[in-house]
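This briefing sets out selected features of a single protein chain. Please consult the sequence and the coordinates alongside the points that follow.

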Amino acid sequence: MMAGDACWEGLGAGGRDPDPASTPTWALTLTPAPTLASTPSLSLASESLQPLQDLTGDGGVRKEQLRPGTGQPVPPSASVAVKYSGYLGNWNKLFCSNGNSKYPRLMKLGKDITLWGLEIGLLSMTKGEAALFVLTPEYAYGQRGCPPSIPPNTTVLFKVEVLDFIDSEECDAFFELTYALSILGCSSSSKAEQSQINASKLLLFLNLSLTYLKLERADRALKYGELALEMDQGNAKALFRCGQACLYMKEYSKSRDFLARAQCIQPFNRDINNELKKLARYYKEYMEMEKEMCCQMFDPLNSYG
């Protein structure tokens with residue numbers, strides 16, 4: 001996480017100040033405010049607070065939706081990937097932002113994001129939604145503020161965009177897998193131990209590939225499937241995962257190659273055979289669409305013939 005993410009750390013329920021001992025080191029440094037030229041032009045002004053959606057019933061967290069999202073709202077135990085900017089005053093003093101981060105990392109509600117008002121705001125949002133929030137001190141940094149960037153007893157403003165989120169079960173499993181992978185990256189002097197580590201790494205690569213498929217990150221799923229194949233070229237499950245990932249990315253030729261190799265190893269595997277049928281159906285639809293597009297391109301030329 002970038003420096004500047006301290007704006008996500010604040011008061012917990014009931015307006016209590018966070019325990020300094022429990023605050024991570026990355027949360028103690030705020031990004032210097034950029035020049036005003038970089039501040040986006042937003043329509044919200046102090047006199048427009050009244051029409052905003054009151055999320056808490058006491059005016060503590062108010063929301064203006066900029067763009068609707070899709071799907072279900074963010075669940076309380078989710079981890080979210082968001083872009084955000086925090087402001088003081090009438091949207092004219094930026095005190096923190098991760099807008100320069102191309103791929104913001106996942107942050108878990110209640111752990112990485114503890115600013116009370118922002119948690120409430122995020123729980124009202126869906127994937128792809130963008131919104132503005134106004135947080136009173138009770139739902140932000142309290143009477144003490146966060147010197148020197150945030151004065152005491154200050155109302156803060158946030159612009160937030162939810163890029164994606166995953167539920168707690170999938171997220172926790174994912175982080176456990178990636179942590180295990182870092183441990184298994186260590187080498188061993190013992191041949192028997194190294195063999196055991198390699199077997200565990202193979203299983204881990206397969207599980208990571210499956211996890212990324214569930215998260216609709218086919219490129220990452222393919223990466224870990226191919227890492228599994230580097231360890232075991234004849235692993236039908238790894239070939240199957242790679243075939244699924246390529247099909248998702250519409251790389252039909254590569255998908256067919258992976259799935260055909262998997263079928264040679266396990267010719268009666270129902271999942272592999274069903275995936276090959278799906279591939280054939282998708283490829284047929286793709287070719288028909290291509291044919292129709294070609295006809296539309298050449299029809300005007302034929303009319304002048």
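In this predicted model, helix H3 passes helix H5 in a left-handed crossing. The crossing belongs to a protein chain with seven helices and nine strands. The points below take up the helix pair, the nonpolar cores, one loop residue and the chain overall.

**The H3–H5 pair**

- The axes of H3 and H5 cross at roughly 25 degrees and come within 10 Å of each other.
- Because angles under 35 degrees count as roughly parallel, H3 is classed as roughly parallel to H5.
- On the H3 side, the contact involves Leu206, Ser209, Leu210 and Leu213.
- On the H5 side, these residues are met by Lys237, Ala238, Arg241, Gln244 and Ala245.
- By character, the residues of the H3 contact with H5 comprise five nonpolar, two polar and two charged.

**Nonpolar cores**

- The largest nonpolar core contains 29 residues, and those with the most contacts inside it are Leu222, Ala228, Leu229, Ala245, Phe258 and Leu279.
- Two or more residues of this core come from each of helix H3 (191-214), helix H4 (218-231), helix H5 (236-248), helix H6 (252-265) and helix H7 (270-302).
- Another core, of 28 residues, lies apart from the largest one and includes Val74, Ala78, Leu88 and Phe165.
- Leu222, listed among the residues with the most contacts inside the largest core, touches Cys242, Ala245, Cys246, Met249, Lys254 and Phe258, when residues up to four places away in sequence are not counted.
- Ala245 thus recurs in three settings: it is among the residues with the most contacts inside the largest core, it is touched by Leu222, and it takes part in the contact of H5 with H3.

**Leu55 in its loop**

- Leu55 is placed in the loop between strand S1 (53-54) and strand S2 (61-67).
- Is Leu55 buried or partly exposed? Its relative accessibility is 23%, and since buried means under 20%, Leu55 counts as partly exposed.
- Leaving aside residues up to four places away in sequence, Leu55 touches Val61, Lys63, Ile120, Gly121, Ser124 and Phe133.
- Among these partners, Ile120 is 65 residues from Leu55 in sequence, while their C-alpha atoms are 7.5 Å apart in space.

**The chain overall**

- The protein chain has 305 residues, of which 41% are buried.
- Of the contacts in the chain with a separation of 6 or more, 67% join residues 24 or more positions apart.

How values were computed
Residues are numbered from 1 along each chain as its sequence is written. This is a predicted model: local features need pLDDT of at least 70, side-chain atom pairs count only at pLDDT 80 or more; totals for chains, interfaces and linings use all residues. Side-chain values use heavy atoms; hydrogens and water are left out. A nonpolar core is a set of buried Ala, Val, Leu, Ile, Met, Phe, Trp, Tyr and Cys residues joined through side-chain atoms within 4.5 Å. Buried means under 20% relative accessible area, exposed over 50%, partly exposed in between (1.4 Å probe, protein chains only). Helices (H or I, at least four residues) and strands (E, at least two) are DSSP runs, numbered from the N terminus. Contact means heavy atoms within 4.5 Å. Axes are lines fitted to C-alpha atoms, for helices over the stretch in contact, and angles run from 0 to 180 degrees between N-to-C directions. Angles under 35 degrees count as roughly parallel, over 145 as roughly antiparallel, 65 to 115 as roughly perpendicular and the rest as oblique. A crossing is left-handed if the near helix is turned anticlockwise from the far one by less than a right angle, and right-handed if clockwise. Ala, Val, Leu, Ile, Met, Phe, Trp, Tyr, Cys and Pro count as nonpolar, Asp, Glu, Lys and Arg as charged, and the others, Gly among them, as polar.
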